[in-house]
Amino acid sequence: MIAQFIFWSLAALTAVSALGVVTMRNTVHSALSLGVCLMGVAGLFATLGADFLFAGQILVYVGGVAVLIMFVVMLLGRASDLHLRQVNNQWAAALLICAISAVGLWRIVKAFPLTGNPSTLAPTTKPLGLLLMSDYAVPFEVVSLVLTGALLGAIYFSHLEREAAK
Amino acid sequence: MITLSHYLALSFFLFLVGIFGALTRRNIIGILMSIELMFNAANINLAAFNRFVHPSGVAGQAVALFIITIAAAEVVVGLALVLSIYRNVDTVYVEEFNLLKG
């Protein structure tokens with residue numbers, strides 16, 4: 001009973017804030033709504049027994065990505081943006097694409113049998129670490145290379161522009 | 001009883017909202033935020049399948065962890081590019097990004 005209440009409240013929080021991300025006119029409100037949505041997703045990870053993902057989601061997404069997006073929104077914002085339309089003319093076509101996709105995805109949802117909660121919950125940090133060091137060792141190293149590349153790329157783009165502005 | 005279908009329906013909803021935002025927002029930062037929504041929908045799916053279909057292992061959560069890492073790298077480079085573009089064309093609206101038009 002309490003699990004159902006937690007799931008439905010987290011689901012409502014996530015869904016409403018996700019709608020806020022795409023519909024709000026003010027980009028700052030959109031970014032704040034994204035932070036709430038990411039926290040709702042973190043709570044859903046917790047209800048799924050993924051405790052390490054919960055912590056990682058909070059650390060990386062809520063603490064990193066949402067704050068970074070907020071910084072850039074505030075750097076690039078203008079007062080006149082609040083009076084401009086934030087949605088292009090293709091919203092009807094986009095709704096059509098979403099409706100068609102929804103039909104297909106709903107068929108996928110119905111294809112899965114209604115199975116209950118299978119087992120007891122256990123901490124996942126240790127098995128995750130063992131998996132990353134054994135079966136997923138190569139992707140782990142590749143991801144570290146990707147992160148280094150992203151770091152260098154971000155520095156390169158911002159540094160180049162600062163030189164050009166002088 | 002909360003089942004796999006509930007999580008699937010929620011993540012599909014999140015994914016559709018992300019698609020709608022990525023197709024209709026004019027602001028490039030709004031498009032990036034919609035893409036983050038789609039990443040999160042995929043992550044919910046992975047964690048839910050891990051929990052309900054293969055509860056003895058953590059492979060789905062490991063893949064979700066990789067997705068979180070890649071998404072962080074993507075948003076860092078994406079926002080650096082957005083800043084760079086903004087300094088060149090002085091706008092954040094994607095229909096005015098026509099530098100390649102000659």
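Student: How far apart do the C-alpha centres of domain 1 and domain 2 of chain A lie?

Tutor: In this predicted model, those two centres lie 23 Å apart. Domain bounds come from an automatic or database domain assignment. For chain A that assignment gives domain 1 as 1-78 and domain 2 as 124-166.

Student: How are the residues and chains numbered and lettered, and which residues count in a predicted model?

Tutor: Residues are numbered from 1 along each chain as its sequence is written, while chains are lettered from A and ligands numbered from 1 in the order in which they are written. In this predicted model, local features need pLDDT of at least 70 and side-chain atom pairs count only at pLDDT 80 or more, whereas totals for chains, interfaces and linings use all residues.

Student: How many helices and strands are there in chain A?

Tutor: Chain A has six helices and zero strands, and its pattern along the sequence is α-α-α-α-α-α. Helices (H or I, at least four residues) and strands (E, at least two) are DSSP runs, numbered from the N terminus.

Student: What is the radius of gyration of chain A?

Tutor: Chain A has 21 Å, whereas a compact globule of 166 residues would have a value near 15 Å. The radius is taken over C-alpha atoms, and the globule rule is 2.2 Å times the number of residues to the power 0.38. Along the principal axes, the C-alpha atoms of chain A fill a box of roughly 60 × 45 × 30 Å.

Student: Changing topic, how many residues does each chain give to the contact?

Tutor: Chain A gives 71 residues and chain B gives 61 residues. Two residues are in contact if their C-beta atoms, placed from the backbone, lie within 7 Å.

Student: Which element of chain A gives the most to that side?

Tutor: The most comes from α3(A), with 13 residues.

Student: And how does α3(A) cross α2 of chain B?

Tutor: The axes of α3(A) and helix α2 (residues 28-52) of chain B come within 11 Å and cross at roughly 175 degrees. Therefore α3(A) is roughly antiparallel to α2(B). Axes are lines fitted to C-alpha atoms, for helices over the stretch in contact, and angles run from 0 to 180 degrees between N-to-C directions; angles over 145 degrees count as roughly antiparallel.

Student: Which residues make that contact?

Tutor: From α3(A) they are Leu53(A), Val65(A), Ile69(A), Val72(A) and Val73(A). Those of α2(B) are Ile29(B), Leu32(B), Met33(B), Glu36(B) and Ala47(B).

Key. Angles under 35 degrees count as roughly parallel, over 145 as roughly antiparallel, 65 to 115 as roughly perpendicular and the rest as oblique.
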